[in-house]
Structures are given as C-alpha cells and as structure tokens.
Amino acid sequence: MGRNDVKQACIITIGDELLQGYTIDTNSAWLGGKLNNYNIRVQRKVTIADELDVIQHELSKALDEYDLVFVTGGLGPTLDDVTQNAIKNILGADLEFDKNYYTELEQKFAVRKMDMPPNNRSQAMVVSGTKVIPNILGMARGIHIEFDGNHLFAMPGVPIEMKEMFNE
C-alpha cells in the first residue's frame, strides 16, 4: 500500500526509567499492535529522556514527518514531567488552569483520605487549544491536538491508563 492508503505514525515513549532499564517499555509494542488494526503503520518509535529540549525536538520532528504521533509519559506531577510544557512551547500556547478538574483531583485524594500535594496542581493545567483526553483510572489527563493537519495524542506512561485512554 502507498502512503495515501495508510496513515504513517510515530510512537514516542518518554522516561529516564525506560532508558535506564528500570522499567520495560510495553507501551510502544501494545500501541503498534493496536494501530496496525486501524490501518496505521508505525514508521518510527523512539524512547527519549525526561528533558524539555529533547522532548520538544522529537515532537517537532515527528509532527513534521508523520500523520499521527502517539506519546506516552511525562504528564504526571513530578518536576521531570515536562511533556505538556514541550507541547505548549511547540504550539506557542499558554497553560490554563482548569478549576473544575482541580476540584476533581482534590476529591480523588479525599476519597483516599490523603492530602493532595501542591505539585499535583500541574495536573489541572491544560495547554490552550488542545482537547483533553479524560483519564478514568488515574489523575494525569491526556492531550489531543491537530497541528498542521497532523495529530498528536499524548497519554500517561502508566500502561493501564494509556490503554484505557486509547481504547476509549
């Protein structure tokens, strides 16, 4: 099949834990299998560090070269979770505070009888101009953007959460 018949995709997994061997990347293999079912051909997959400049570079390159870009990782509340900032910078967009989701986060912690750490506020931030992908199993929401006719889907690196988002 030619390029016009099949969508071309890139999978980017983000995380120092993947590069250092602490965690095995099962996400890209699972995504590759699922995408094949939809006549989407994965042309490239890459695992990169939790570094803003590296993420920006790879996302920009992938958005220039592929119809669809699937990203897992870097959406959590820790300081090295910078995927959303990379997307914001590529788009030249702002981060907006989602007060409703912040309240929802507080409720999720309250149900667990825990105080919400201040760094979880970052999970209530949304890149302006993007669509939020809900996460019914966790707290880090996904992101979908259309950029110059190509699509980027960013999902958490936690496999069960990523799979649920993809399936929904």
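Start by selecting Ser 28, which touches Ile 11, Thr 13 and Lys 45 once residues up to four places away in sequence are left out; contact here means heavy atoms within 4.5 Å. Ser 28 is found in helix H2, and helices in this tour are DSSP runs of H or I with at least four residues, while strands are runs of E with at least two, both numbered from the N terminus. Show the side chains of Ser 28 and Lys 45, and you will find a polar contact of 3.4 Å joining them. A polar contact is a pair of N or O atoms within 3.5 Å; within protein, one must be able to donate a hydrogen and the other to accept it, and residues adjacent in sequence count only if both atoms are side-chain atoms. Ser 28 is buried, with a relative accessible area of 3%. Buried means under 20% relative accessible area, exposed means over 50%, and partly exposed lies in between, with a 1.4 Å probe and protein chains only.

A word on what is on your screen. This is a predicted model, in which local features need pLDDT of at least 70 and side-chain atom pairs count only at pLDDT 80 or more, while totals for chains, interfaces and linings use all residues. Residues are numbered from 1 along each chain as its sequence is written, and side-chain values use heavy atoms, with hydrogens and water left out.

**The whole chain**

Now zoom out and colour by secondary structure. The protein chain holds 6 helices and 8 strands, and from the N terminus on they run β-α-α-β-α-β-α-β-α-β-β-β-β-α. Along its principal axes, the C-alpha trace spans about 55 × 35 × 30 Å. The radius of gyration is 16 Å, which agrees with the value near 15 Å for a compact globule of 168 residues; the radius is taken over C-alpha atoms, and the globule rule is 2.2 Å times the number of residues to the power 0.38. Of the 168 residues, 45% count as buried. Among contacts between residues at least 6 apart in sequence, 68% join residues at least 24 apart.

Switch on the surface if you like: the accessible surface comes to about 9,200 Å², and 49% of that belongs to carbon and sulfur atoms. Colouring by charge picks out 16 positive and 24 negative side chains, with the centres of the two sets 5 Å apart.

**Helices H3 and H4**

Next, select Leu 59 in helix H3. Leu 59 is buried, at 0% relative accessibility. Beyond four places in sequence, Leu 59 touches Ile 12, Val 71, Ala 86, Ile 87, Ile 90 and Leu 152. Draw a distance to one of these, Val 71: the two residues are 12 apart in sequence and 8.6 Å apart in space, C-alpha to C-alpha.

Follow the contact with Ala 86 across to helix H4 (residues 83-91), where Ala 86 lies. Ala 86 is buried too, with a relative accessible area of 0%. Leaving aside neighbours within four places in sequence, Ala 86 is in contact with Leu 52, Ile 55, Gln 56 and Leu 59. To link back to the first stop, draw a line from Ala 86 to Lys 45: their C-alpha atoms, 41 residues apart along the chain, are separated by 18 Å.

**Strand S8**

Move on to Ala 154 in strand S8 (residues 150-155). Is Ala 154 buried or exposed? At 1% relative accessibility, Ala 154 counts as buried. Its contacts beyond four places in sequence are Val 71, Leu 75, Thr 83, Ile 87, Ile 133, Gly 142 and Ile 143. The C-alpha atoms of Ala 154 and Ala 93, 61 residues apart along the chain, are separated by 16 Å.

**Three loop stops**

Asp 67 comes next, in the loop between helix H3 (52-65) and strand S3 (68-72). A polar atom of the Asp 67 side chain lies 2.7 Å from the backbone nitrogen of Gln 8. Asp 67 is buried, with a relative accessible area of 15%.

The last two selections concern the backbone. Most residues other than glycine have a negative phi. Asn 39, in the loop between helix H2 (27-37) and strand S2 (40-48), has a positive phi of about 60° although it is not a glycine. Asn 39 counts as partly exposed, at 37% relative accessibility.

Finish at Lys 113, in the loop between helix H5 (99-111) and strand S5 (125-127). Lys 113 is not a glycine, yet has a positive phi of about 55°. At 77% relative accessibility, Lys 113 counts as exposed.

Conventions
Accessible areas come from the Shrake-Rupley method with a 1.4 Å probe; for residues, only the protein chains shown count as cover. Lys and Arg count as positive and Asp and Glu as negative; His and the chain ends are not counted. The place of a charge is taken as NZ of Lys, CZ of Arg, CG of Asp or CD of Glu.
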